[in-house]
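Reader: I have a chain to look at and some basic questions about it. Could we go through them in order?

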Amino acid sequence: MRKLIYILTLAGIVCVQVSAQSPPNSPEELQRYVPVLPSVKARFWKTDPSVGYAVQGVGGGVYVISDNGWQSAFLVTNEGVIVFDAPASFGKSIPSAIAKVTDKPITMLVYSHAHKDHIGGSAAFKNIKDLKIVALDTVTEFLKEMNDPNRLIPNVTFTREKTVSLGGQTVELTRHAYHSNEGDLFIYVPKARFLMAIDCVTDGYVPFQGFDITANFHEYMKVFDELLTYRFETFVGGHLTSTGNRADVKLNKEFTMDVYNTVKRIHNNMDFAAAIAEAVKTVGPDNEFLLFKVFLDKVTYESVKELRPRWIKRLAGVDVWLESHVRTALIYVRWDDN
Ligand SMILES: [Zn+2]
């Protein structure tokens, strides 16, 4: 009997070691993911293969640039052009893309937040004379500390709100805290009914990993109502295939609140001792980290099992990121929530 246990234990160790060592995402695993929803695929932009991006006017002097991975935008006025973000992927092409639309000079570059992928192409603007680079004070402090040659240091900073006027147009910039540690901007062009808020809503899709790698899920849950107080028709969230609208923001809110409420209910109703009882039989009560993991994994599993069928046909990427969303919501429910 003892020998049998020994062999089984050894087999278990070998099994754990093998599974820990086998790389993820084998072809068989990848084939289990659902393809991007046809309704979302229909919204992909046709990028020009010679440059790798597309430019679309969305009215009121605003143009959106996308390479179907990242998005930025610019506003053309009588006195010059204001650019919103310069992504690492196509930032170097923005000045030439603008020159195809207007002969007005680029006078201002606004940073939505500090992340490299959205402003890491700003070096292309280095030689533009008298360029104003506008960002939150906390973003500027962070960029000074990073000293990254790909992210030019802002020369106009503010703390909470700033209204920029140029050539009869205004742009309203407002601080929020839904995503990055250094703060996030809402960028609003009232005359164009245009609203840009990067890394919160990706129209047609669930948010990226962990609710768009939010540093603050509490604030993230508020962002949808904050967006919906604006009068906008075009929404730019900074990623993937197309521009969004109010319905996209509302759908993302519904998804987010469903994840939060489901995780909260399952977590709060789960008996910790009962959830770990099987594991205790196997490994005993001493390895508390492991037993806590067993509990968190069980809440996560039950939550994903319930949520997946509700959302798999409504938004793209549910099977890619839902577990990460559940884990982000679970951290909030367990450690912050009432
Ligand atoms: Zn970001």
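Reader: Is K129 buried or exposed?
Author: This is a predicted model, and what follows is computed from it. Exposed means over 50% relative accessible area. K129 has a relative accessible area of 68%, so K129 is exposed.

Reader: Which residue forms a salt bridge with K129?
Author: In this salt bridge the closest N and O atoms are 3.5 Å apart, and the cut-off is 4 Å. The partner is exposed, because its relative accessibility is 65%. The residue that pairs with K129 is D130.

Reader: How many residues apart in sequence are the parts that R193 and E233 tie together?
Author: R193 and E233 form a salt bridge, with 3.2 Å between the closest N and O atoms. R193 is partly exposed at 27%, whereas E233 counts as exposed at 52%. R193 lies in the loop between strand 10 and strand 11, and E233 in the loop between helix 8 and strand 12, so the pair ties together parts that lie apart in sequence by 40 residues.

Reader: Which helix holds both E306 and R310?
Author: The side chains of E306 and R310 meet in a salt bridge of 3.1 Å, N to O. E306 is partly exposed at 26%, and R310 is partly exposed at 36%. The two residues are four residues apart, about one turn of the helix, and both lie in helix 11.

Reader: Which residues do salt bridges that share partners join into one network with E306 and R310?
Author: The structure holds 20 salt bridges. Some of them share partners, and through these E306 and R310 are joined into one network with D258 and R265.

Reader: Is the aromatic pair of F84 and F194 stacked or tilted?
Author: The structure holds 20 aromatic pairs. For F84 and F194 the centres are 6.4 Å apart, with 20 degrees between the planes. Planes under 30 degrees apart count as stacked, so the pair of F84 and F194 is stacked.

Reader: How many residues apart are F84 and F194?
Author: F84 is in strand 4 and F194 is in strand 11. F84 is buried at 0% relative accessibility, and F194 is buried with a relative accessible area of 0%. The pair links distant parts of the chain, the separation being 110 residues.

Reader: Which of F272 and F295 counts as buried?
Author: F272 and F295 form a tilted aromatic pair, 5.0 Å centre to centre, with 55 degrees between the planes. The pair links helix 10, which holds F272, to helix 11, which holds F295. F272 is partly exposed, because its relative accessibility is 32%. At 2% relative accessibility, the buried residue is F295.

Reader: The charged end of which residue sits over the ring of F232?
Author: The distance from this charged end to the ring centre is 4.9 Å. The cut-off for a charge over a ring is 6 Å. The residue is R246.

Reader: About what area do domain 1 and domain 2 bury between them?
Author: The domain assignment gives domain 1 as 52–244 and domain 2 as 246–338. Their contact takes 26 residues from domain 1 and 21 residues from domain 2. Of the area buried between the domains, 71% is on carbon and sulfur atoms. The total is about 2200 Å².

Reader: How many salt bridges are counted between domain 1 and domain 2?
Author: The C-alpha centres of domain 1 and domain 2 lie 33 Å apart. The count of salt bridges between the two domains is one.

Notes
Residues are numbered from 1 along each chain as its sequence is written. This is a predicted model: local features need pLDDT of at least 70, side-chain atom pairs count only at pLDDT 80 or more; totals for chains, interfaces and linings use all residues. Side-chain values use heavy atoms; hydrogens and water are left out. Rings of Phe, Tyr and Trp (its six-membered ring) pair if their centres lie within 6.5 Å; planes under 30 degrees apart count as stacked, over 60 as edge-to-face and the rest as tilted. Buried means under 20% relative accessible area, exposed over 50%, partly exposed in between (1.4 Å probe, protein chains only). A charge sits over a ring if NZ of Lys or CZ of Arg is within 6 Å of the ring centre and within 35 degrees of the ring normal. Domain bounds come from an automatic or database domain assignment. Contact means heavy atoms within 4.5 Å. Buried area is the accessible area (1.4 Å probe) that two parts lose on being put together, summed over both.
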